[in-house]
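This report describes how some strands and helices are arranged in one protein chain. Look at the sequence and the structure first, then read on.

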Amino acid sequence: MALLDSIDRRSFLKALASAGATGALTPQALLAETEKAPAWQNWSGSQSANPANLIFATSEEQLRQLLRDSSGTIRPFGGSHSFSAVVPSDNTLVSLEALAGLRGQDGNVFTYGGGTRLAMASAQANGMGYSFRNEPDINLQSLAGAIATSTHGTGTSLQSLSGQVERLRLILPDGEALNLTRDDGDNFLAACCSIGALGVVSEIGFRHEPAYRLKERTWTLPLQEAMDFVEQEKDNVRHIEFFAFPLGEQAIVKTMEITDDPEDSSEREDSNDLLELVCKVAMRAGWLTPTLQKLVTLFVEDSTYTGPAHKVFANRRTVRFNEMEYTVPAEDGIACLQEVCETIRKQDINVFFPIEFRYVAADDSLLSMYHDRPGASLSIHQYFEQDYQPLFSAVEPILRRYGGRPHWGKLHTLGQRELRDLYPAFDRFQAVRRELDPQGRMLNEHLTTLFGETG
């Protein structure tokens, strides 16, 4: 999270020391190696599995044969950036890593292997004179995993990655391959955001735009002023978001606009080590967290960053966290955020990571958080070494009360009954799932809770 990139690092650390926060908490002591990972684990380390079969298919034909020959539950995985239990299985895990790269171009539709990382795809597109219409700020996910969870960026007129899909190729659990386009109706609309519950996506065709450049501006405001500014300006800029620090009552605001400026900015300073240090200090000395949040914004300077779109969108994040994200109706976003922030302050919940607030346009993917409804997404983060339950348990009821739909790759506690009420096309998706995977082989324990016949 490039929240600290524009901080005067020396001044911040000096202020941190004067506040009595560091003491024996040296970077060397704080940044110790974590335990060795099991056979599979997600990025934050909160999900893991030791499957009987861990398949790394090197071709689609091999993938199809392996699926035909396997038994039991099948779960695909890509960049492992989901926090919910969408991957773990004791049976078969399928890696998409080798199913990567640009497979073809038809005008502005670029087809990539499902295992292609977003960073690779956006760089390849740029090299050929094109850009994704919008991207999230982490680009290490596989494309198949990104659309499976409706991964998104920000912008009231811009859809998630699922909404940018023109065609895809879906390998069913019995090895059959389906080539799907919008002409295939609900089968296509279900596959564009399927949480991997229909099969394995081996190829995806995305609609691209002519390559463009972006100018990013970052600055700080008191939290309420940031809320007012973003609500007022959300339709006047291409991209707008902010990071709310409830305990410090401050915010970091970011906008991005298309620019003709041909000059690239120098690379952003990598401040992940500083962020890691501050998170550990806040975890061990919670009474300092409000001060730490204020210190961050005091040392953030008004800054700009210009370059090709795919480079401006992306931020390097190595500090791990766990995350809950709900999308509420766009018109209720600020009111919901205000209540969330007030609850964190009243309950004095120790969390240094800010709340990320973004707007996203509506689409028609059956299980997209934005199905037929533009949304405001609230992303709640907790440092990975801290217990996230106090924070998530306090704010989830608020997000639900505002009609929030959970991000499929983020932590939530909802089951099938609640999801059916939140997603108008839930039963349409279920009909497709039963048709394409009648034996429920793509459902692990978590997805059985969401989509199983007894869920």
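A residue counts as buried when its relative accessible area is under 20%. The model is a predicted one. By that cut-off, strand β17 (residues 355-360) is mostly covered, with six of its six residues buried. On one side of β17 these are I355, F357 and Y359, and on the other E356, R358 and V360, so both faces of the strand are covered.

**The eight-stranded sheet**

Where does β17 sit in its sheet? The sheet is open, has eight strands and follows the order β15-β12-β14-β13-β17-β18-β16-β19. Its pairing is antiparallel. In that order, β17 stands between β13 and β18.

Which strands stand at the edges? They are β15 (303-308) and β19 (405-406). Each of these has a single partner strand, so one side of β15 and one side of β19 are left without a neighbour in the sheet.

The table lists some of the antiparallel pairs, with the number of bridges that join them.

| Pair of strands | Bridges |
|---|---|
| β12 and β15 | six bridges |
| β12 and β14 | nine bridges |
| β13 and β17 | four bridges |
| β17 and β18 | five bridges |
| β16 and β19 | two bridges |

Single residues can be used to find these pairs in the structure. Starting from the β15 edge, L214 has G307 in β15 as its bridge partner. On the way to β14, E216 stands opposite M256 in that strand.

For the two neighbours of β17, there is one example each. F243 stands opposite E356 in β17, and E356 is one of the buried residues of that strand. Y359, which is buried as well, has A376 in β18 as its bridge partner. Strand β18 covers residues 375-383.

At the other edge, β19 runs antiparallel to strand β16 (residues 321-329). Here Y326 stands opposite P406 in β19.

A helix also belongs to this picture. Helix α9 (residues 289-298) lies across three strands: β12 (213-222), β13 (239-245) and β14 (250-258). The helix runs at about 35 degrees to β14.

**A pair of helices**

How do helices α11 and α12 pack? Helix α11 covers residues 333-346 and helix α12 covers residues 389-401. Their axes are 10 Å apart, and the packing angle is about 155 degrees. Angles over 145 degrees count as roughly antiparallel, so that is how α11 lies relative to α12. The crossing of the two helices is right-handed.

The contact is made on the α11 side by C336, E339, V340, T343 and I344. From α12, the residues that meet them are L391, A394, V395, I398, L399 and R401. Eight of the residues in this contact are nonpolar, one is polar and two are charged.

**The three-stranded sheet**

Another open sheet has three strands, in the order β3-β5-β4. The pairing in this sheet is parallel. Its edge strands are β3 (53-56) and β4 (74-77), each of which pairs on one side only. From one strand to the next, the twist averages 25 degrees.

Strand β5 (residues 92-95) is joined to β4 by four bridges, and the two run parallel. In this pair, I74 stands opposite T92 in β5.

Technical notes. Residues are numbered from 1 along each chain as its sequence is written. This is a predicted model: local features need pLDDT of at least 70, side-chain atom pairs count only at pLDDT 80 or more; totals for chains, interfaces and linings use all residues. Side-chain values use heavy atoms; hydrogens and water are left out. Axes are lines fitted to C-alpha atoms, for helices over the stretch in contact, and angles run from 0 to 180 degrees between N-to-C directions. Angles under 35 degrees count as roughly parallel, over 145 as roughly antiparallel, 65 to 115 as roughly perpendicular and the rest as oblique. A crossing is left-handed if the near helix is turned anticlockwise from the far one by less than a right angle, and right-handed if clockwise. Contact means heavy atoms within 4.5 Å. Ala, Val, Leu, Ile, Met, Phe, Trp, Tyr, Cys and Pro count as nonpolar, Asp, Glu, Lys and Arg as charged, and the others, Gly among them, as polar. Two strands pair if DSSP finds at least two bridges between them. Buried means under 20% relative accessible area, exposed over 50%, partly exposed in between (1.4 Å probe, protein chains only).
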